[in-house]
Amino acid sequence: MNFIKRAGITLWAKKGRTLLLIVTAAVILLFVMTGLIIQNAALQAAKTATNSVGSTVTLSTNREAAFKAMQSEMSSVSSSSNSGSNRPKMTEYTTSLSAVEKIAQLSNVASYNITNTAQVAASGFSAITSDNSGQGGQFNNDNAAISLSGVSTTAGNSDFTSGSNKIKNGRGIETSDKNSNNAVISQELAKSNNLKVGSTVTVKYTNDSDDTSTYKLKVVGIYADTTSDSADSFRDPANTIYTNYTMVNTVKNTPDQVSNVSFTMADSSKTQAFVKAATKDINTKQMQLTSDSTAYEQTAKQMQTVASYANKIVWVVTVAGALILGLIIILMTRERRHESGILVALGESKIKILGQYFVELIVILAIGLGIATASGQAMSGVVGKQLVNQSISAAQNNQTGTNGAGAVPGNMQAGGRQGFNNHQISGSLANKQSLQTVITPGTILELGGVALLIAVLSVAGASSTILRLQPKKILQDD
Amino acid sequence: MTLTVKNLSHWYTNPDEALYRDVNLTFEDGKFYAIVGESGSGKTTLLSFLAGLDLPATGEIAVNGKAIEQIGLTAYRRHEVSTIFQAYNLLTTMSAYQNLATALAITQSSRAKDKAYIFDVLAQVGIDEQKAVKSVQKLSGGEQQRVAIARSLAVDAPIVLADEATGNLDHDNSLKIIELFQNLAHQHGKTVILITHDQALALKADKKILLEKQRFTQVKA
Ligand SMILES: Nc1ncnc2c1ncn2[C@@H]1O[C@H](COP(=O)(O)OP(=O)(O)O)[C@@H](O)[C@H]1O
Ligand SMILES: [Mg+2]
């Protein structure tokens, strides 16, 4: 215990030296702390930000199964020679509404949105024809130019959540529109046919048995497609009419059936667990669940990069700090050989002399830690912002690349999705992913560990000087 | 405690140029010894062996027949011997009081926190309380020497070694210190060994050992 007191006396007597060491320790620990805070913040942000990016699981026709069914149909068609003009069609399987509702009860479902589609023809009004549609002529424009998109709500539909579609007049489709013929049409369609909110349009649907029925739709809203740079040359997006999914069921005569549902996950990281649980409730021969967590993974990866970068900073600074302080301590210990020799001559053990130096260093580092903690908040805030800005611009560069690749003709479906995802990422990165650079007790504890490590390494470095000390040297006059 | 030097020979670099060969000396308790020799004759070197700070090339130092290496050098330094160095060797970051308290703490003395005792010992060598709490660096050479003597007195070791302990003191103060040493030997039964080049001072000791031409000769019984 005596050596602890001696440490105190020395620190107090050599105030100038003590102060210099405290400043050095504070600076080193400040760097370490900045790294630790950013590392923790990045890990935290990786969790929250990626959750806010969110992921969706889509329940839709099992295309592989549908394709196989189509192939067998084709072979049966060819064997039984002709079957008229009916060319083989890929079956769109559906699942019951009750099954969907059951899946929606699973934990981790934040919301779900049903989309049933039907291709119908305009009756008494004209669909938009793209002037750039080279192959457009091959399609009978009157036949199935209108896409009927039956949704739970337009507000929950990805075309609207992504921001590409916006309601201009009237209102969107709501849950209360169930079993109604209310519809939302595009601005272009409204303009070219002089339609307004309150107007009524008629569409024709031709089923597999070539029976045609007509349905009246009441316009309750008009939307604008803000992107409108679609590469879709087959079907103009302006020809999409949104209704409640029950309307599509009515048109197709498939009551209580659902062809496409997207489930939004409450916790993105639990997406796979949800898929596993939900698979039990579906007929996998017809339907499939596909999770879309690209956005989630991409964001998580970015945050991991920041975190690992911070981790490297922590190590580099810790090692550099330990070296700097260690060297200072070794030099000072050499300078203090005479003092140590006197203590040895008085009968002190060398271990206790090292103990004294260790205590001195711990006190210095503890005060340095206090200073670093007090000033660390501001410092790490600045550095954290810098890091995130860098990673955002890097991410945006990447996205431009993927967008280009996504726009390959013939792959517009995928391209469209990709574009939407990237939009999500950059939006959330810019808005939500500022690093929460907060000093937590955990950070201070970690920093304390680093300080202790520095103290141990420094004293270990100084120990050879003390252990090899020859007390006889103090007899020589200086 | 009887301190014995057995068959001690020592040289620094060349064995052919030994400082001394086959030295045999006995120091008994209750007696005050003076070792006298020219500067450079090897007095401080001998002290480094007696104080357990170094080991001779050959031979051994023993306390009551037990070699100090067997006792353990740290234990020997802590409990058996106290040394007044030629260069004082005070802890310069501390006051006189703290120097004494530190030495007492290292020797595990129960008096390490006994303020009255520490001030009393310092008073014995003429250091008042005001000077006792000042940094020793602010004291004069003579005062520092007296603090070094007080430190040795305070730890109350059975063997007291002093290397030119009065070198920086005026005549009156020197006499006082010599009286202290005599007192330590005669009243307290300690083994006191003073190393000096001062023949007059050596006359005050009970026994005088002359170091000349690599030999130690006891000249006064
Ligand atoms: N560490 C050492 N290495 C080599 N020679 C030394 C060392 N210490 C002392 N000497 C030499 O040994 C001789 C005796 O020195 P010392 O014991 O200090 O003499 P004294 O105290 O009688 O003046 C001197 O010639 C001195 O130069
Ligand atoms: Mg000498």
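**Exercise 1. In what sense do strand β3 and strand β9 of chain B pair, and over how many bridges?**

Solution. The model is predicted. Start with the two ranges: β3 covers residues 32-37 of chain B, and β9 covers residues 207-212 of chain B. The two strands pair in the parallel sense, over five bridges. To fix the register, take B:G37, which stands opposite B:L211 in β9(B).

**Exercise 2. Place the β3-β9 pair of chain B in its sheet, and identify the edge strands.**

Solution. Step one is the strand order, which reads β6-β7-β8-β3-β9-β10 in chain B. These six strands make an open sheet with mixed pairing. Step two is the edges: β6 (81-84) and β10 (215-218) of chain B each pair on one side only. Step three is the twist, which averages 20° from one strand to the next.

**Exercise 3. Describe how β9(B) is joined to β10(B), including the turn between the two strands.**

Solution. β9(B) and β10(B) run antiparallel and are joined by four bridges. Within this pair, B:E212 has B:R215 in β10(B) as its bridge partner. The two strands form a hairpin with two residues between them. In that hairpin, B:K213 takes a positive phi near 50°.

**Exercise 4. Determine which strands of chain B are touched by α7 and α8, and at what angles the helices run.**

Solution. Take α7 first: this helix, residues 141-155 of chain B, lies across β6 and β7 (159-163). Its angle to β6(B) is about 170°. Helix α8, residues 171-186 of chain B, packs on the sheet and touches β3, β7 and β8 (191-196). The direction of α8 makes about 150° with that of β8(B).

**Exercise 5. List the residues of chain B that surround ligand 1, and sort the shell by class and by element.**

Solution. The shell consists of B:Y12, B:L19, B:G37, B:S39, B:G40, B:S41, B:G42, B:K43, B:T44 and B:T45. By class, two of the shell residues are nonpolar, seven are polar and one is charged. By element, helix α1 (residues 43-50) of chain B gives the most, with three residues. One of the shell residues, B:G37, has already appeared as the residue opposite B:L211.

**Exercise 6. Which strands pair with β6(A), and is β6(A) mostly covered or uncovered?**

Solution. For burial, consider residues 182-186 of chain A, which form β6: five of its five residues are buried, so that the strand is mostly covered, a residue being buried if 20 or more other C-beta atoms lie within 10 Å of its own. For pairing, β8 (residues 212-225) of chain A joins β6(A) in the parallel sense over five bridges. Here A:V184 stands opposite A:G221. β9 (residues 240-244) of chain A runs antiparallel to β6(A), with two bridges. On that side, A:A183 stands opposite A:T243.

**Exercise 7. Break down the contact between chain A and chain B, with attention to the side of chain A.**

Solution. Count by chain: 19 residues come from chain A and 21 residues from chain B. On the side of chain A, the elements giving two or more residues are α1 (2-13) and α11 (337-345). The largest share, five residues, comes from α1(A). By class, this side has nine nonpolar, four polar and six charged residues.

Notes. Residues numbered from 1 in each chain as written. Chains lettered and ligands numbered in written order. Predicted model: local features only at pLDDT ≥ 70, side-chain atom pairs only at ≥ 80, totals over all residues. Near = placed C-beta within 6 Å. Nonpolar A, V, L, I, M, F, W, Y, C, P; charged D, E, K, R; others polar. Contact = placed C-beta atoms within 7 Å. Pairing = 2+ DSSP bridges. Axes fitted to C-alpha atoms, helices over the stretch in contact; angles between N-to-C directions. Buried ≥ 20, exposed ≤ 12 C-beta atoms within 10 Å, placed from the backbone.
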